[in-house]
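Student: Please guide me through this model by way of questions.

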Amino acid sequence: MATIFSPSAIFSSSSSSSTATKPPKTPPLTKPHLPIPPTKPPLTALLTTTLTATALATTLLTTPPPSLADSPPTTYHLYYGTAASAANYGGYGGNSDKKASAEYIYDIPDGWKERLVSKVEKGTNGTDSEFYNPKKRSEREYLTFLSGFRQLAPKDAVLNNLALSDVDLQDLIASADKVTSEERKDESGQVFYVYEIDGVAAHSLISVTCANNKLYAHFVNAPTPEWNRDRDMLTHVHESFKTVGSF
């Protein structure tokens, strides 16, 4: 006997199979993220950095520390000396205008102080003027004069005679490592004896000349440390000495 299939049964079966739940899809596996190593700087960058550091180090090593040469230049003012006798010291009995009655001149570093010379000192050893560095009183310049000299004696005799009335000069010569002397002439032909005394503890520059029937001796003295520090300034002061009428 033939079996009769109901169409609804077919559709129902078909519908059931079409609406059946599909199995879940497995998501694709993702690859783990590996850390990316830092990239190396280009070789040129490394070379540039190295060269810059080397140049900086060289500059620091070769740059000299601030020195005295970098200090402002020394300024000076001109001193007019009268070489007056003890009786006329300070203008008494004569012209008190030093510039008008000056017999000699020399430069004084700005900031140096004048030491007043007493009449007794002027009368005994002929000291006429003196200036000193207030920071170091033994760094100084001064001038002595003696009347009755028309011309210079031999160089050695002049220095020895100056030392007779100057105890400090005697000690400096006695302890000196070297004493040099020479004869110079200025533009007008005036003769100067120039002495340099180089000692362990001190240094001295002396300039001696004759004019106006007088012997003038200009001294520049300094302890060795100050001489080494202020050599140019002290040499300038030494060379600035002139008698009036010879400049």
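Student: How far apart are the closest N and O atoms in the salt bridge of R184 with E182?

Tutor: This is a predicted model, in which local features need pLDDT of at least 70 and side-chain atom pairs count only at pLDDT 80 or more, while totals for chains, interfaces and linings use all residues. Residues are numbered from 1 along each chain as its sequence is written, and side-chain values use heavy atoms, with hydrogens and water left out. A salt bridge is a side-chain nitrogen of Lys or Arg within 4 Å of a carboxyl oxygen of Asp or Glu. For R184 and E182, the distance between the closest N and O atoms is 2.9 Å.

Student: Is E182 buried, partly exposed or exposed?

Tutor: Buried means under 20% relative accessible area and exposed means over 50%, with partly exposed in between (1.4 Å probe, protein chains only). R184 has a relative accessible area of 36% and is partly exposed. At 37% relative accessibility, E182 is likewise counted as partly exposed.

Student: Which residue of strand β4 forms a salt bridge with R115?

Tutor: Strands (E, at least two residues) and helices (H or I, at least four) are DSSP runs, numbered from the N terminus. R115 forms a salt bridge with E121, the closest N and O atoms being 2.7 Å apart. A salt bridge with an N to O distance of 2.8 Å joins R115 to E130. R115 lies in the loop between β3 and α4 (119–125), so this pair ties together parts that are 15 residues apart in sequence, and the partner in β4 is E130.

Student: Is E130 buried or exposed?

Tutor: R115 has a relative accessible area of 23% and is partly exposed. E130, with 6%, is buried.

Student: Which residues are linked with R115, E121 and E130 in a network of salt bridges?

Tutor: The whole structure holds 9 salt bridges. The network contains R115, E121 and E130, together with R140 and D168.

Student: Which are the edge strands of the open sheet?

Tutor: Two strands pair if DSSP finds at least two bridges between them. The sheet has 7 strands in the order β3-β4-β5-β9-β8-β7-β6, with antiparallel pairing. Pairing on one side only marks the edge strands, β3 (113–114) and β6 (176–185).

Student: Which residue of β9 is the bridge partner of L205?

Tutor: Strands β8 (residues 202–211) and β9 (residues 214–223) run antiparallel and are joined by 10 bridges. Within β9, L205 is partnered by V220.

Student: How many residues lie between β4 and β5 in their hairpin?

Tutor: β4 and β5 pair in the antiparallel sense over 6 bridges, and S129 has L143 in β5 as its bridge partner. The number of residues between these two strands of the hairpin is 2.

Student: At about what angle does helix α7 run to β9?

Tutor: Axes are lines fitted to C-alpha atoms, for helices over the stretch in contact (heavy atoms within 4.5 Å). Angles run from 0 to 180 degrees between N-to-C directions. Helix α7 (residues 224–239) lies across β4 (127–133), β5 (136–147), β7, β8 and β9, and its angle to β9 is about 150 degrees.

Student: How many contacts beyond four places in sequence does the model have for residues 1–20?

Tutor: pLDDT is the predictor's confidence in each residue, from 0 to 100. The protein averages a pLDDT of 80, and 66% of the residues score at least 70. Where pLDDT is low, the predicted coordinates should not be read in detail. Over residues 1–20 pLDDT stays under 50, and the number of such contacts is 0.
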